[in-house]
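Trainee: I would like to go through this model with you, one question at a time. Could we have the sequence and structure in front of us before we start?

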2 protein chains.
Amino acid sequence: MKTKTTTKAAVELPLNTIIDGDCIEVMNSLPESSVDLIFADPPYNLQLKGELHRPDNSKVDAVDDDWDQFDSFKAYDQFTRAWLKAARRILKPNGAIWVIGSYHNVFRMGAELQNQGYWILNDVVWRKSNPMPNFRGKRFTNAHETMIWASKSEGAKYTFNYEALKALNEGIQMRSDWVLPICTGHERLKDENGDKAHPTQKPESLLHRVLVGSTNPGDVILDPFFGTGTTGAVAKMLGREFIGIEREEAYRKVAEKRIAKVRKFDKEALITTPSKRAEPRVPFGQLVERGMLRPGEVLTSPRGKTAKVRADGTLISGEARGSIHQVGAALESAPSCNGWTYWHFRQDGKKVPIDLLRQQIRAEMN
Amino acid sequence: MKTKTTTKAAVELPLNTIIDGDCIEVMNSLPESSVDLIFADPPYNLQLKGELHRPDNSKVDAVDDDWDQFDSFKAYDQFTRAWLKAARRILKPNGAIWVIGSYHNVFRMGAELQNQGYWILNDVVWRKSNPMPNFRGKRFTNAHETMIWASKSEGAKYTFNYEALKALNEGIQMRSDWVLPICTGHERLKDENGDKAHPTQKPESLLHRVLVGSTNPGDVILDPFFGTGTTGAVAKMLGREFIGIEREEAYRKVAEKRIAKVRKFDKEALITTPSKRAEPRVPFGQLVERGMLRPGEVLTSPRGKTAKVRADGTLISGEARGSIHQVGAALESAPSCNGWTYWHFRQDGKKVPIDLLRQQIRAEMN
DNA sequence: GATCGCATTGAATCGCTGA
DNA sequence: GTCAGCGATTCAATGCGAT
């Protein structure tokens with residue numbers, strides 16, 4: 001059943017295309033539970049009243065000048081509710097969403113995400129290394145934007161490439177604040193007049209980190225506010241599939257040209273540092289069966305506890321007997337214990353963790 | 001009229017005291033338009049499930065206090081609406097509010113601030129220099145909290161001491177992200193058992209920046225969730241008046257004792273923001289994210305060894321894979337290797353060390 | 001006395017798999 | 001559906017005791 005859904009979706013989805021239209025209508029036309037990740041950078045300018053929609057998809061009257069602040073928040077909330085709902089329908093159960101915004105709109109998006117049952121995993125701050133200064137000196141330099149990362153629901157098994165992100169950060173786990181420059185220079189797309197093609201083009205570095213961290217090669221990434229296609233460009237580089245939705249023809253044109261020029265990184269470069277959780281399981285008993293450890297042999301802990309190996313791959317130490325993990329936990333009075341790194345054996349006069357033997361077996365398996 | 005109000009308030013307000021009671025009731029009993037600034041650190045509504053252990057099996061002492069428990073988002077919203085409304089009534093027309101929270105509650109607070117007509121001036125990110133890591137490797141390190149700074153209404157003449165903040169920041173305009181350490185060491189208040197007196201004590205450096213930036217000497221600052229009184233302590237140091245509201249007797253006692261010890265204008269007691277002029281760390285992965293080096297690109301060593309760049313900022317060369325330093329060391333059979341000077345890339349037909357790219361990034365950051 | 005190393009700790013929505 | 005067992009997982013700072 002699961003396979004069928006996946007296949008069906010893969011066939012029907014308009015992969016690696018930019019769809020013209022209103023993002024809510026387009027998303028509603030796509031099959032449900034078909035997308036791995038959504039990255040959304042919605043408009044937040046309240047002047048764009050004409051782009052707002054009521055929940056029934058009718059357009060809000062743009063000519064109405066009598067809106068007070070409350071009315072405009074209300075309209076913005078309706079718009080937010082509608083597109084987040086459409087987005088949630090097409091997300092796979094283990095899919096996730098990223099939204100980005102500033103203080104003008106991010107609080108309303110965050111609250112609505114929670115209201116709809118999305119489960120917030122982190123809020124991530126994009127700290128701009130070269131923001132525009134506040135010229136009037138009346139406020140703090142607006143030097144960051146906020147992203148929210150959420151799974152479709154509580155308890156969902158979202159993708160998180162912990163080791164790859166840690167590698168990107170030179171061995172230290174990635175934090176919720178990312179220091180990256182804004183999009184300038186030759187990366188910044190220009191129109192035929194030489195003006196910037198899009199007012200809020202996001203840097204590719206931002207998407208690189210998002211996609212390396214929360215998708216796998218081959219995943220389908222949808223961007224309902226595609227703009228000039230940063231999401232698509234980075235997805236293509238990284239060997240992911242994308243679907244873009246954009247209603248402005250000028251943006252679609254720029255994006256298409258841009259993505260056509262992008263070259264996918266070669267396969268070897270796309271393989272990132274794997275998670276240990278994904279490695280094949282090796283029962284401790286196999287070390288005994290293979291004679292790497294002999295029944296009766298004594299294992300030691302870092303702090304000098306000892307246990308004896310038994311023929312069935314269990315350990316015995318005083319009253320405690322059981323798996324390498326159980327006996328380790330019992331001796332340390334700990335809630336749990338990783339026996340693979342806890343127990344050591346003697347090799348060439350040195351104490352070596354038994355995990356080394358497991359690694360040997362795993363190497364043979366490849 | 002304005003003068004009269006101010007005088008009246010000054011007479012009636014219970015300045016520099018900690019009031020016992022529910023903050024909503026107490027605020028409703030105070031005269032309207034009488035307070036210059038409100039700083040609020042409300043319960044975050046954390047929803048913790050089981051216990052959490054560090055990798056060394058020690059147990060994390062989590063925030064599981066009764067005052068942080070709410071039945072639902074609806075209940076939390078109701079609470080938020082009520083205290084923000086009470087706060088707004090007692091604010092002077094040109095007064096302002098700061099609230100602080102995490103992704104669990106800050107979106108709901110921000111949206112409600114806007115709904116009530118407060119006017120958001122900035123969201124400010126407190127980037128913690130020493131946050132608690134993510135122990136299970138399932139998310140990003142939760143390394144920041146968010147503050148929202150808002151005036152009572154649009155167009156109000158709020159206080160902003162631009163020059164003072166610029167001076168605090170070594171002559172550079174203050175940004176919306178502040179790097180400050182969490183509250184530890186001697187500043188962290190302990191109870192009679194030597195345990196932390198409050199689970200979420202804020203650092204004085206944070207309040208110092210808030211009060212220097214958005215109040216003047218003599219201003220009245222109210223904190224409806226006073227806790228152990230960081231707001232009061234810093235207000236006293238800086239020659240401001242405070243009003244604290246706190247319903248837990250234990251916290252009030254600690255706060256009173258603490259504030260009694262504080263000396264006004266004691267230069268030595270003033271918190272100097274640590275000026276970190278050390279060279280910022282630049283992970284190699286950032287060169288890849290930023291497109292300065294592309295996945296698949298080949299780096300060379302002075303003696304002709306080669307390695308390929310991968311998307312997660314690691315290198316691969318034959319069997320060796322890992323950081324620029326690890327792979328360099330492996331190829332040279334050396335105990336260590338500075339990958340920044342060891343590895344070169346081609347630029348204009350010449351071989352250039354990748355350290356040049358790091359220097360470019362650092363130059364941008366200053 | 002200075003230095004080194006080890007233990008402690010902080011607003012946290014912190015597994016997965018197979019029987 | 002539940003439940004038990006395997007086994008993966010941490011950074012910066014402070015403070016204390018040993019050298």
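Trainee: Which residue has a polar side-chain atom 3.1 Å from a base nitrogen of DNA strand D?

Mentor: Before the answer, note that this is a predicted model, in which local features need pLDDT of at least 70 and side-chain atom pairs count only at pLDDT 80 or more, while totals for chains, interfaces and linings use all residues. Residues are numbered from 1 along each chain as its sequence is written, chains are lettered from A and ligands numbered from 1 in the order in which they are written, and side-chain values use heavy atoms, with hydrogens and water left out. A polar contact is a pair of N or O atoms within 3.5 Å, where within protein one must be able to donate a hydrogen and the other to accept it, and residues adjacent in sequence count only if both atoms are side-chain atoms. The residue whose polar side-chain atom lies 3.1 Å from a base nitrogen of DNA strand D is Ser336(A).

Trainee: Which element gives the most residues to the surface near DNA strand D?

Mentor: The elements that give two or more residues to that surface are α5 (162-168) and α11 (324-332) of chain A, helices (H or I, at least four residues) and strands (E, at least two) being DSSP runs numbered from the N terminus. A residue is near a strand if one of its heavy atoms lies within 4 Å of it. With three residues, the element that gives the most is α5(A).

Trainee: How far is a phosphate oxygen of DNA strand D from an N or O atom in the side chain of Lys166(A)?

Mentor: Of the 30 residues around DNA strand D, those that come nearest are Tyr162(A), Lys166(A), Gln173(A), His325(A) and Arg358(A), and sugar and phosphate account for 63% of the atoms of the strand that come within 4 Å of the protein. For Arg358(A), an N or O atom of the side chain is 2.8 Å from a phosphate oxygen of the strand. For Lys166(A), the distance is 2.7 Å.

Trainee: How many charged residues does the surface near DNA strand C have?

Mentor: In all, 37 residues surround DNA strand C, and the closest are Arg54(B), Tyr103(B), Met132(B), Arg136(B) and Asn142(B); sugar and phosphate make up 44% of the atoms of the strand that come within 4 Å of the protein. Ala, Val, Leu, Ile, Met, Phe, Trp, Tyr, Cys and Pro count as nonpolar, Asp, Glu, Lys and Arg as charged, and the others, Gly among them, as polar. By class, the surface has 17 nonpolar and seven polar residues, and its charged residues number 13.

Trainee: Which residue has a side-chain N or O atom 2.9 Å from a base oxygen of DNA strand C?

Mentor: In chain A, the side chain of Trp119(A) has an N or O atom 3.3 Å from a base oxygen of DNA strand C. In chain B, a backbone N or O atom of Pro42(B) lies 3.1 Å from a base nitrogen of the strand. The side-chain atom at 2.9 Å from a base oxygen belongs to Asn134(B).

Trainee: Is Gln116(A) buried or exposed?

Mentor: Gln116(A) lies in the loop between α4 (106-115) and β4 (119-128) of chain A, and a polar atom of its side chain is 3.3 Å from the backbone nitrogen of Lys85(A). Buried means under 20% relative accessible area, exposed over 50% and partly exposed in between, with a 1.4 Å probe and protein chains only. Because its relative accessible area is 15%, Gln116(A) is buried.

Trainee: What is the relative accessible area of Asn57(B)?

Mentor: Asn57(B) is in the loop between β2 (35-40) and α3 (73-90) of chain B, and its phi is near 75°, a positive value in a residue other than glycine. Asn57(B) counts as partly exposed because its relative accessible area is 26%.

Trainee: Why are α3(B) and α4(B) oblique to each other?

Mentor: Axes are lines fitted to C-alpha atoms, for helices over the stretch in contact, and angles run from 0 to 180 degrees between N-to-C directions. Angles under 35 degrees count as roughly parallel, over 145 as roughly antiparallel, 65 to 115 as roughly perpendicular and the rest as oblique. α3(B) and helix α4 (residues 106-115) of chain B have axes 10 Å apart and pack at an angle of about 45°, and the two helices are therefore oblique.
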